[in-house]
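Q: Hi! Could you walk me through this protein with me? I'm new to reading structures.

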Amino acid sequence: MLKHESKSIGDVLSEYFEENTFLRTKIAEHRAVAAWRELLGSGVNKYTKNVYLKRNTLYVQLSSSVLRAELQMNKESLIEKLNEAAGMPIVYDIVLR
C-alpha cells in the first residue's frame, strides 16, 4: 500500500523552481529589471527610457546626462540592490546610455 504525502502548493512550486534553474534565472532577470523602477523611484523613472537585461548586464537608456553621471558613480551599490531584489546574483554590470 502506498502512502501519499500531502504538500502545500507553495512547497510543490518551491521544489519545482529549485530544480528548474533556467526558469529560476528568468524570473530573477525579470525581478532585476522591475527592481530598477521600484528602487530608483519616480524621479529617475521619468528620465528612464528603456531597461533590459542581456547576458548579466543591465542596459538602461536615460534622457539626462547629469543623472547618467550620478548613477554611474553609484553603479556598484545599484548592482548589489538589484541582485538583492532579484533574489540571486544576476546583474554583474550596468551600462547607462
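A: Happy to! One term to start with: accessible areas here come from the Shrake-Rupley method with a 1.4 Å probe. Also keep in mind that this is a predicted model.

Q: Okay, so how much area does the protein chain expose?
A: The protein chain exposes about 7,000 Å². Carbon and sulfur atoms supply 52% of that area.

Q: And what share of the residues count as buried?
A: Of the 97 residues in the protein chain, 27% count as buried.

Q: Which helices and strands should I look for?
A: You'll find four helices and three strands in the protein chain. Going along the sequence, the pattern reads α-α-β-β-α-α-β.

Q: Is the chain spread out or compact?
A: The protein chain is more spread out than a compact globule, because its radius of gyration is 18 Å, well over the 13 Å that the globule rule gives for 97 residues. Along the principal axes, the C-alpha atoms fill a box of roughly 70 × 25 × 20 Å.

Q: What about contacts between residues that sit far along the sequence from one another?
A: Take the contacts in the protein chain with a separation of 6 or more: residues 24 or more positions apart account for 51% of them.

Q: Nice, can you show me an example?
A: Sure, try Ala 28, which is found in helix α2. The C-alpha atoms of Ala 28 and Pro 89 are separated by 8.5 Å, while the two residues are 61 residues apart along the chain.

Q: Which residues does Ala 28 touch, then?
A: Leaving aside neighbours within four places in sequence, Ala 28 is in contact with Ala 86, Met 88 and Ile 90.

Q: Buried or exposed, that Ala 28?
A: Ala 28 is buried, because its relative accessible area is 1% and buried means under 20%.

Q: Got another one from that helix?
A: Yes, Val 33 lies in helix α2 too, which covers residues 21-45. Its C-alpha atom is separated by 8.1 Å from that of Leu 82, 49 residues along the chain from Val 33. Besides neighbours within four places in sequence, Val 33 is in contact with Val 51, Tyr 52, Leu 53 and Leu 58. At 23% relative accessibility, Val 33 counts as partly exposed.

Q: Switching topic: how many aromatic pairs does the structure hold?
A: The structure holds one aromatic pair. The partners are Tyr 52 and Tyr 59, with 5.1 Å centre to centre and 15 degrees between the planes.

Q: Why does that pair count as stacked?
A: The pair counts as stacked because its planes are 15 degrees apart, and planes under 30 degrees apart count as stacked.

Q: How accessible is each of those two tyrosines?
A: Tyr 52 is partly exposed, with a relative accessible area of 34%. Tyr 59 counts as buried, at 18% relative accessibility.

Q: Last thing: what's going on with phi in the loop between β1 and β2?
A: Some background helps: most residues other than glycine have a negative phi. Arg 55 is found in the loop between β1 (48-54) and β2 (57-62), and Arg 55 has a positive phi of about 50 degrees although it is not a glycine. Asn 56 is in that loop as well, and phi of Asn 56 is near 65 degrees, again a positive value in a residue other than glycine.

Q: And are those two buried or exposed?
A: Arg 55 counts as exposed, at 76% relative accessibility. Asn 56 counts as partly exposed, at 26%.

Methods:
Residues are numbered from 1 along each chain as its sequence is written. This is a predicted model: local features need pLDDT of at least 70, side-chain atom pairs count only at pLDDT 80 or more; totals for chains, interfaces and linings use all residues. Side-chain values use heavy atoms; hydrogens and water are left out. Rings of Phe, Tyr and Trp (its six-membered ring) pair if their centres lie within 6.5 Å; planes under 30 degrees apart count as stacked, over 60 as edge-to-face and the rest as tilted. Buried means under 20% relative accessible area, exposed over 50%, partly exposed in between (1.4 Å probe, protein chains only). Helices (H or I, at least four residues) and strands (E, at least two) are DSSP runs, numbered from the N terminus. The radius of gyration is taken over C-alpha atoms; the globule rule is 2.2 Å times the number of residues to the power 0.38. Contact means heavy atoms within 4.5 Å.
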